[in-house]
Amino acid sequence: MKYTYVANWKMNLTYNESISFCTNKQQLKQLGSNAAQVILCPSFVALAPIVEMLKNSSVFIGAQNCSEYEKGAYTGEVSAQSLSEVGITHCIVGHSERRILYSETTETLVKKIDLLHRYNITPIICVGETKDHFTNKATFTVLTEQLKPIIKNVEQQKNKVLIIAYEPIWSIGTGIVPENTYLEEVFAWITKLLHSQLPEHAIQLLYGGSITATNIKQLKSIQNINGFLIGGASTDFKEFESIIQP
Ligand code: PGA
């Protein structure tokens with residue numbers, strides 16, 4: 001089983017910290033293997049230098065967001081085309097922090113996914129329910145609302161690659177990881193939905209939320225999980241390395 005490991009550094013690492021994470025690290029360059037696809041997602045300013053530093057390595061570089069517009073007068077935005085010109089292969093979109101703090105909607109998310117595909121960048125699409133939704137047993141309603149427009153948008157386009165990251169919002173940065181039985185149920189449900197609706201697409205499913213070197217083993221025992229989206233624990237090289245190579 002080849003797992004995907006996505007490091008979402010958010011705004012936790014500065015430019016200098018991001019560069020020093022990648023400096024003189026032969027072990028980092030070799031993290032990708034037959035058993036692991038590794039994708040580092042630094043902030044925008046660190047993308048180009050890190051692509052350069054890690055060229056000829058087994059590690060992919062992803063962005064944390066992109067504009068929903070192709071080009072034009074959108075001050076402060078970064079286009080999918082620019083990302084592809086820099087050598088970016090993946091891009092996180094729809095992270096709950098963007099949805100909640102920057103009011104991003106599923107409508108803009110769908111436009112971003114389209115543009116990323118147009119520029120051959122694999123979108124890493126985040127979905128997940130709040131604590132309230134979880135408590136009220138509304139997880140599948142929320143996931144349906146989040147996934148249906150995405151499915152509708154890509155179903156006519158054949159053979160697209162999609163990475164879907166299920167991240168319960170109540171687990172992000174809280175140290176709380178859902179019970180295995182709950183994750184088994186959620187991942188079985190998402191797998192069934194996506195395989196029936198998008199049979200011709202290459203889809204990987206990730207789990208994200210408070211992953212550490214300590215709980216990764218337990219998470220790997222869950223069926224239908226193809227990889228992990230790691231926030232806080234990915235900013236420490238030793239911890240990130242031991243998540244990938246326990
Ligand atoms: P965390 O973040 O690992 O720090 O909980 C995960 C994420 O937001 O992608």
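Let's start with C91, which at 0% relative accessibility counts as buried. Keep in mind throughout that this is a predicted model. C66 is tucked away as well, counting as buried at 1% relative accessibility. The nearest cysteine sulfur to that of C66 belongs to C91, 4.4 Å away, and C66 is in no disulfide. Turn it around and the picture holds: for C91, the nearest cysteine sulfur is that of C66, at 4.4 Å, and C91 is in no disulfide either. A disulfide is a covalent bond between the sulfur atoms of two cysteines. The cut-off used here asks for two cysteine sulfur atoms within 2.5 Å, and the structure as a whole holds zero disulfides.

Now go to the ligand. There are 13 residues around the ligand, and K10, H95, E167, G173 and S210 come nearest. Three polar contacts are worth finding on your screen. The side chain of K10 puts an N or O atom 2.7 Å from an oxygen atom of the ligand. From the side chain of E167, an N or O atom lies 2.6 Å from a ligand oxygen. With S210 the backbone does the job, since a polar backbone atom there is 2.8 Å from an oxygen atom of the ligand. How much of the ligand does the protein bury? Taken alone, the ligand exposes 280 Å², and the protein buries 95% of that.

S210 is also a handy stepping stone to N215. You'll find N215 in the loop between β7 (202-208) and α10 (216-220). Is N215 buried or exposed? N215 has a relative accessible area of 12%, so it is buried. A polar atom of the N215 side chain lies 2.9 Å from the backbone oxygen of S210, and the side chain also has a polar atom 2.8 Å from the backbone nitrogen of T212. Setting aside neighbours within four places in sequence, N215 is in contact with V177 and S210.

Last, swing over to helix α1, residues 15-22, where S18, I19, F21 and C22 are buried. Looking down the axis of α1, you'd see its buried residues fall within an arc of 155°, so they line one face of the helix. What do the buried residues of α1 pack against? Their partners are α2 (26-29), β2 (36-41), α3 (44-53) and α11 (237-244). Just after α1 comes N24, which takes a positive phi of about 50°.

Note on methods:
Residues numbered from 1 in each chain as written. Predicted model: local features only at pLDDT ≥ 70, side-chain atom pairs only at ≥ 80, totals over all residues. Heavy atoms only, no water. Helix = DSSP H or I, 4+ residues; strand = E, 2+ residues; numbered from the N terminus. Buried < 20%, exposed > 50% of the residue type's maximum accessible area, 1.4 Å probe, protein only. Polar contact = N/O pair within 3.5 Å; in protein donor to acceptor, adjacent residues only side chain to side chain. Contact = heavy atoms within 4.5 Å. Arc of directions from axis to C-beta. Near = heavy atom within 4 Å. Areas by Shrake-Rupley, 256 points an atom, 1.4 Å probe, with all protein chains shown as cover.
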